[in-house]
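The following exercises ask the reader to work from the sequence and the coordinates together. Each task is followed by a solution set out in steps.

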Amino acid sequence: MAKKVLGVSFGRKMSNCDIMVKQALMECEKAGCETAFIRADDLEVENCTGCIACTIGTMTGRGRGYCIKHDDFDILDECVMQSDAVILACPTYETSVTGRFKTICDRIGPSHDITFRKAAYEEGRAAGKPESELPDARSFKKRTAVLISVGGAMTENWIALTLPMMFEFTFPLAIDVIDSVEYYGAMAHESVLGYPEMMERMSKVGQHIMESLNAETEEERVRWRGEEEGVCPLCHTRILQVSHDAKTVDCVVCGSHGDLSVEDGKIKVHFTEGELNRSRLRWGGKAEHSEEIKTRAQPSGTIKNLKALKAPYAAFDRPPFEVDRDSYGNCKERYGELDGKTGEQ
Ligand SMILES: Cc1cc2nc3c(=O)[nH]c(=O)nc-3n(C[C@H](O)[C@H](O)[C@H](O)COP(=O)(O)O)c2cc1C
C-alpha cells in the first residue's frame with residue numbers, strides 16, 4: 001500500500017509556505033506516495049478552553065483522548081492518523097508561530113499525548129473493552145516529520161522562536177522530526193518561486209521523507225537529515241535556557257538537560273544519556289511527565305473553603321477602560337479602503 005504524506009501550510013493562500021509544502025509533496029508523489037494538502041487557514045478550529053476533559057478521559061479510562069469540541073480539527077486529526085509522514089510549514093508572526101498554529105497545537109496536546117493514550121489503551125484492552133471505546137490505535141504508528149519555518153525579515157533572529165515552537169505539533173504523538181528548514185529573508189523575493197535554491201531544498205525535503213519512509217532499520221528511519229547538527233542532539237535546535245545558578249542549560253524544545261562549556265572558543269553542551277532519556281522526545285521523559293500529572297495534580301475538593309476564598313475575586317468585576325470605537329480603523333478618506341486581500345497572491 002502506498003505510504004501517505006500529509007502537508008500542512010499555515011501561510012497565506014499560494015504564498016511561500018503553500019508552495020514550499022507542495023513542492024516537497026510533489027517529490028513524494030513522484031516516488032509513489034499518496035499525498036494530502038491542508039491549508040490551516042481553511043479550517044475552522046476553535047481554541048482549547050483548558051477544560052482538560054481530554055486528559056481526564058484518558059487518565060480515568062472514561063474517554064478516548066478526544067476534545068469535547070467537534071470542528072474542523074477532526075479533519076486534521078484524521079489526516080494525521082492516516083499519515084505516515086507530515087510536512088509542516090509555518091510563517092513567522094512576531095518572531096514566533098502564527099496564532100492558528102498555536103491553536104492547533106493546543107488541540108493536539110495533551111489530548112494526543114502518546115503516554116496517556118497508550119496507558120488508557122492497554123488498560124482498556126486488559127479490561128476487555130472493544131476497540132471503539134479505546135484511544136485510536138493509529139496514534140502509536142511511527143511517523144516522520146519535516147518542519148519548515150518562514151520569515152519575511154532579513155535578520156535571522158526575527159524567526160528564532162518559530163521552528164522551536166513547531167515541535168509542539170510533533171512531540172505529543174512522538175512524531176520523529178528528521179529534517180528542518182528555517183527560511184528567513186523571504187521578503188527579499190516576491191515569492192519563493194524566485195529563489196530556486198530554496199525550491200531545490202524543498203525537493204530535498206521530499207526526498208528525505210522518502211528515505212525515512214523506505215528505511216529498513218529504525219536507526220535509518222529517524223536519522224537526522226538536516227543541514228546542521230544544532231546544539232541539542234535530539235531535536236537539533238539551538239535554543240537553550242540557562243539554569244538559575246547559571247551553571248547548566250536545558251534545551252527549551254525537548255527538555256534535555258546538559259552542562260555547558262567553552263572549548264576552543266566554541267560553546268559546547270554535554271548531555272548525558274541519562275538526561276537525554278528524560279527529554280520529552282523520548283519515552284522516559286514523556287512517562288515522567290504523565291506520571292507527575294497523574295500523581296501530583298490535585299483533584300477538585302482538596303481546598304475545603306475554596307468557594308469562600310474565591311468570593312472576593314468573583315466579586316471584583318471591572319469593565320475595560322472606556323473605548324471610543326469610532327476612533328479606530330484606517331483613514332479611509334486619505335488612503336482609501338483596504339480590503340485585506342493584499343496578502344493573497
Ligand atoms: C502579523 C505578522 C507578523 C510578522 N512578523 C514577522 C517576524 O517577526 N519575523 C519575520 O521574519 N517575518 C514576520 N512576518 C512576515 C511573514 O513571516 C512573511 O510574510 C512570510 O512570508 C509569511 O508566510 P507566507 O508567505 O507563507 O504567508 C510577519 C507577518 C505578519 C502578517
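**Exercise 1. The surroundings of L88**

Identify the residues in contact with L88, leaving aside its neighbours within four places in sequence, and place L88 in the nonpolar core.

Solution. The model is a predicted one. Once the neighbours within four places in sequence are set aside, the contacts of L88 are V8, A145, L147, I148, M166 and F169. The next step is to consider the core as a whole: the largest nonpolar core holds 65 residues, and I87 and L88 touch the most other members. Helix α1 (residues 16-30) contributes the most to this core, namely 7 residues. Finally, the core takes at least three residues from each of domain 1 (1-226) and domain 2 (228-302). In soluble globular proteins, nonpolar side chains tend to be buried together.

**Exercise 2. The two domains**

Describe how domain 1 and domain 2 are arranged and which elements of domain 1 touch domain 2.

Solution. The chain divides into domain 1 (1-226) and domain 2 (228-302). Taken over C-alpha atoms, the centres of the two domains are 22 Å apart. Across the boundary, 13 residues of domain 1 are in contact with 13 residues of domain 2. On the side of domain 1 that touches domain 2, α5 (114-126), α6 (162-170) and β5 (176-183) each supply at least two residues. By class, that side has 9 nonpolar, 3 polar and 1 charged residues.

A further pair of residues may be examined here. A287 is placed in helix α10 (residues 283-296). The C-alpha atoms of A287 and F116 are separated by 8.5 Å, although the two residues are 171 residues apart along the chain. A287 has 16 other C-beta atoms within 10 Å and is therefore partly exposed.

**Exercise 3. The shell around the ligand**

State how many residues surround the ligand, and how they divide by class.

Solution. The ligand is surrounded by 18 residues, the closest being G11, P91, G151, G152 and A153. By class, the shell consists of 9 nonpolar, 7 polar and 2 charged residues.

**Exercise 4. The hairpin of β8 and β9**

Determine how strands β8 and β9 run, and whether β9 is buried or in the open.

Solution. Strand β8 (residues 257-263) is joined to β9 by 6 bridges, and the strands run antiparallel. One such pairing links S261 to K268 in β9. For burial, the 6 residues of strand β9 (residues 266-271) are examined: the number buried is 0, so β9 lies largely in the open. The hairpin has 2 residues between the strands, and D264 takes a positive phi near 50 degrees there. D264 is exposed because 5 other C-beta atoms lie within 10 Å, where exposure requires 12 or fewer.

**Exercise 5. Unusual backbone geometry**

Locate the cis peptide bond and a residue other than glycine with a positive phi in the loop between β2 and α2.

Solution. The general expectation comes first: most residues other than glycine have a negative phi, and most peptide bonds are trans. A cis peptide bond joins G109 and P110, with omega about 10 degrees. P110 is placed in the loop between α4 (99-108) and α5. The residue with positive phi is I52, at about 50 degrees, although I52 is not a glycine. I52 lies in the loop between β2 (34-39) and α2 (53-60). Because I52 has 14 C-beta neighbours inside 10 Å, I52 counts as partly exposed.

Note on methods
Residues are numbered from 1 along each chain as its sequence is written. This is a predicted model: local features need pLDDT of at least 70, side-chain atom pairs count only at pLDDT 80 or more; totals for chains, interfaces and linings use all residues. A nonpolar core is a set of buried Ala, Val, Leu, Ile, Met, Phe, Trp, Tyr and Cys residues joined through C-beta atoms within 7 Å. A residue is buried if 20 or more other C-beta atoms lie within 10 Å of its own, exposed if 12 or fewer, and partly exposed in between; C-beta atoms are placed from the backbone. Helices (H or I, at least four residues) and strands (E, at least two) are DSSP runs, numbered from the N terminus. Domain bounds come from an automatic or database domain assignment. Two residues are in contact if their C-beta atoms, placed from the backbone, lie within 7 Å. A residue is near a molecule or strand if its C-beta atom, placed from the backbone, lies within 6 Å of it. Ala, Val, Leu, Ile, Met, Phe, Trp, Tyr, Cys and Pro count as nonpolar, Asp, Glu, Lys and Arg as charged, and the others, Gly among them, as polar. Two strands pair if DSSP finds at least two bridges between them.
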